[in-house]
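I open a fresh page for this one and set down, entry by entry, what I looked up and what I read off.

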Amino acid sequence: MAAVTSMNPVKPASAKPSMRLSRIIGYGLLYLFLIVLALIFIFPFYSMIAGSLMPSSELFRSYPVLWPPDGPSLTAYRLLLRLASPAELEAAKLQNINNYNFLRYVFNTLLVAGVAVTLQVFFNTLAGYTFAKRNFPFKNQLFSVVMATLLLPTAINFVPFYLQMAITFGWKNTYLPFWIPSLATAFGIFMMRQFISSTIPDDIIDSATMDGASQLAIATRIVMPIMAGGMVVLGILTFVGIYNEYILTSLMIDKPDLRTVQLFLSNFKAATIRAPLYDLLFAGSVMATIPLLIIFFVFQRRLVEGIMSGAIKG
Amino acid sequence: MAQAIRTSSTLPQAKPASKWRATLREMWKHRVDYLFISPFFIVFAVFGIYPMLWGFRLSLSRWPGGIKPMEFIGLNNYVSLLTSDILLGKAFVNTISLLAWILPTGLGFALIVAVLLNARRLKARGIFRTIYFLPFVTSGVIVAIVFSQFLDKDYGWINLILKQLGMSGVPWLTQTVPAQISVTMLLHWMGSGTNILIFLGALQSIDREMYEAAEMDGANGLQSFFGITIPMLRPVLLFMIITATIGLINLFAQVKLLTNGGPQNSTFTLFMRMMDLIGTNRYGEGAAFGFIIGAIILVITFIQLRFLNSWWSVEGKVKK
């Protein structure tokens with residue numbers, strides 16, 4: 001830090017060499033710190049991958065095993081994907097593993113999150129555009145209501161909400177609790193409003209209105225294409241949130257075929273609590289994280305900048 | 001825009017009765033706008049307000065679900081939760097101490113890293129911030145799985161390394177204080193990246209000229225940090241403190257799978273109590289508990305705002 005802030009242009013020339021040296025040392029320490037930190041952040045991912053490639057017995061040794069001693073093996077993946085040979089099944093003592101359908105759970109999770117994201121991004125962009133660019137009576141009051149709901153804690157109506165889903169609507173063992181109640185969200189509306197009011201000039205919308213374009217046409221043909229970047233950021237935040245959701249899923253879904261990946265992994269961990277089958281748990285975790293990692297790296301720049309741009313902060 | 005001008009020029013001359021009519025006409029003209037924002041309000045009314053009102057009635061009743069009618073018992077649910085529910089008290093104390101510990105360390109750490117990442121001549125800034133943000137993609141369930149292997153008493157990574165270094169292992173998940181530290185480490189690992197990014201974004205929006213001016217006036221690095229950086233970060237800090245508080249009160253999956261609230265309920269969370277009440281069909285108490293949590297959040301947020309405000313005004317005086 002000291003080295004970074006002490007670059008003063010009005011210092012006499014004689015001070016320069018030592019200044020440069022201290023700056024080099026400062027930056028050296030800075031890089032060292034940042035790299036060590038990066039390793040700490042990456043290590044759990046690494047250990048998850050390495051652990052999925054070796055029998056879990058390797059993880060129960062008296063010294064740390066960084067890499068499979070007998071070379072990487074995909075047995076855990078084959079067991080989860082029902083591709084294991086009878087010999088492997090025999091060796092793993094997991095005859096009932098074929099009762100699980102891991103790919104199905106991944107598909108379920110993608111379905112829950114995919115539909116939810118599509119609905120939320122569409123309706124939130126529509127509302128965000130309206131609040132950002134349109135003028136109508138009671139606009140500010142209505143927007144204040146939207147913002148005020150952000151402060152309502154989930155817990156406050158959680159039990160009646162659960163009963164409403166499970167009993168009143170009978171939505172247990174459907175994915176509707178993840179789609180309908182969050183069709184449009186205060187967070188999403190706020191975020192899209194911020195994005196839209198800072199990127200779309202009024203002129204474009206005014207001239208489209210002059211040309212007689214309908215509001216829906218302006219929203220879908222002009223605003224949404226320009227806002228694709230912002231919609232992607234909101235979409236990813238929503239997608240990751242629902243893909244990783246656990247509380248509501250664990251209350252709503254108890255049919256094995258409808259399980260999400262998170263529910264499967266948590267059930268599987270609970271079922272093997274005494275001697276955790278880390279190879280399978282890690283292989284499942286790796287496969288569950290892969291879709292999110294792909295999305296993350298494809299849109300990494302946009303996502304990081306979207307969060308940094310301050311659109312999500314009050 | 002044109003419409004706004006028209007209304008403002010017609011309204012002042014209009015009489016009160018026709019003013020209402022003008023507003024109504026204006027609203028009718030904007031029916032499409034209302035249609036566009038309506039999904040949120042419909043959904044909020046049906047799935048937000050309605051359950052909340054019904055939940056208030058439920059919180060005054062005894063009702064195990066099913067076809068039995070609700071039995072009105074007044075404030076009994078609230079009284080029994082607040083006076084004789086030991087687990088709730090435990091969860092409350094745990095949450096408060098977790099908050100008191102994790103807010104300063106987590107936000108302080110994220111701020112330090114963001115300041116370092118903001119160093120002017122730093123190369124590869126993008127790579128670092130992406131790596132720190134990577135835990136964002138993991139779920140509470142998966143993080144708990146990975147950390148429970150790390151923290152295993154006999155075979156976990158951390159203890160094996162400690163033993164290699166000649167130290168004795170720590171019973172991370174089976175003793176109260178280490179278990180609380182474990183939960184804290186997990187939350188730091190999961191959440192720091194987003195906080196770093198938000199801080200970094202806020203830091204980059206501060207005008208560099210302010211620092212240069214302060215430097216001209218002879219301020220050193222620390223002085224301009226506390227005199228410029230911290231005050232400029234105020235709105236971001238407020239946002240992060242409030243979201244972190246709400247996040248900790250909703251904490252469930254990570255802890256459920258890592259420690260299951262143990263040992264001796266030392267990591268038991270408020271939401272775990274909520275799920276217990278649902279799991280045992282004690283819906284009346286569950287509904288009351290929801291309102292109690294709501295009140296707790298309200299009080300905590302109020303204290304935080306008061307605290308931050310007074311802290312800031314002290315800062316301001318020191319600066320002068």
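**Loop residues with positive phi**

I began with A:Asn173, which I found in the loop between α7 (158-168) and α8 (176-179) of chain A. I keep in mind throughout that I am reading a predicted model. The phi of A:Asn173 is near 60°, a positive value in a residue other than glycine, and I therefore checked its surroundings: with 13 other C-beta atoms within 10 Å, A:Asn173 is partly exposed, because exposed would require 12 or fewer and buried 20 or more.

I then went to chain B, where B:Asn265 sits in the loop between α13 (253-258) and α14 (270-279). For B:Asn265, phi is likewise a positive value near 60° in a residue other than glycine. I counted 19 other C-beta atoms within 10 Å of B:Asn265, so I entered it as partly exposed, the limit for buried being 20 or more.

**Chain A as a whole**

I listed 16 helices and zero strands in chain A. I noted a radius of gyration of 26 Å for chain A, whereas a compact globule of 314 residues would have one near 20 Å. Along its principal axes, the C-alpha trace of chain A spans about 80 × 75 × 40 Å. I entered 40% of the 314 residues of chain A as buried. Looking at contacts in chain A between residues at least 6 apart in sequence, I found that 71% join residues at least 24 apart.

**Domains of chain A**

I took the division of chain A as domain 1 (2-96) and domain 2 (100-308), and I noted that their centres, taken over C-alpha atoms, are separated by 31 Å. Their contact takes 13 residues from domain 1 of chain A and 11 residues from domain 2 of chain A. On the side of domain 1 that touches domain 2, α2 (16-52) and α3 (75-80) of chain A each supply at least two residues. I sorted that side of domain 1 by class and obtained 10 nonpolar, three polar and no charged residues.

**Between the chains**

How many residues does each chain bring to the contact? I recorded 80 residues from chain B and 80 residues from chain A. On the side of chain B that touches chain A, the largest share, 15 residues, comes from helix α3 (residues 31-59) of chain B. By class, I have that side of chain B as 55 nonpolar, 19 polar and six charged residues.

I picked out A:Ile247, which lies in helix α13 (residues 247-252) of chain A. Leaving aside residues up to four places away in sequence, I found that A:Ile247 touches B:Phe252 and B:Ala253. A:Ile247 counts as partly exposed, because it has 18 C-beta neighbours inside 10 Å. I also noted that 27 Å separate the C-alpha atoms of A:Ile247 and A:Gly51, which are 196 residues apart along the chain.

**A helix pair across the chains**

I examined helix α15 (residues 278-298) of chain A against helix α7 (residues 140-150) of chain B, which pack at an angle of about 145° with their axes 10 Å apart. I entered the crossing of α15(A) past α7(B) as left-handed. The residues making the contact are A:Tyr278, A:Leu281, A:Ser285, A:Ala288 and A:Thr289 of α15(A), together with B:Ile142, B:Ile145, B:Val146 and B:Gln149 of α7(B). By class, I have six nonpolar, three polar and no charged residues in this contact of α15(A) with α7(B).

Notes: Residues are numbered from 1 along each chain as its sequence is written. Chains are lettered from A and ligands numbered from 1 in the order in which they are written. This is a predicted model: local features need pLDDT of at least 70, side-chain atom pairs count only at pLDDT 80 or more; totals for chains, interfaces and linings use all residues. Helices (H or I, at least four residues) and strands (E, at least two) are DSSP runs, numbered from the N terminus. Two residues are in contact if their C-beta atoms, placed from the backbone, lie within 7 Å. Ala, Val, Leu, Ile, Met, Phe, Trp, Tyr, Cys and Pro count as nonpolar, Asp, Glu, Lys and Arg as charged, and the others, Gly among them, as polar. Domain bounds come from an automatic or database domain assignment. The radius of gyration is taken over C-alpha atoms; the globule rule is 2.2 Å times the number of residues to the power 0.38. Axes are lines fitted to C-alpha atoms, for helices over the stretch in contact, and angles run from 0 to 180 degrees between N-to-C directions. A crossing is left-handed if the near helix is turned anticlockwise from the far one by less than a right angle, and right-handed if clockwise.
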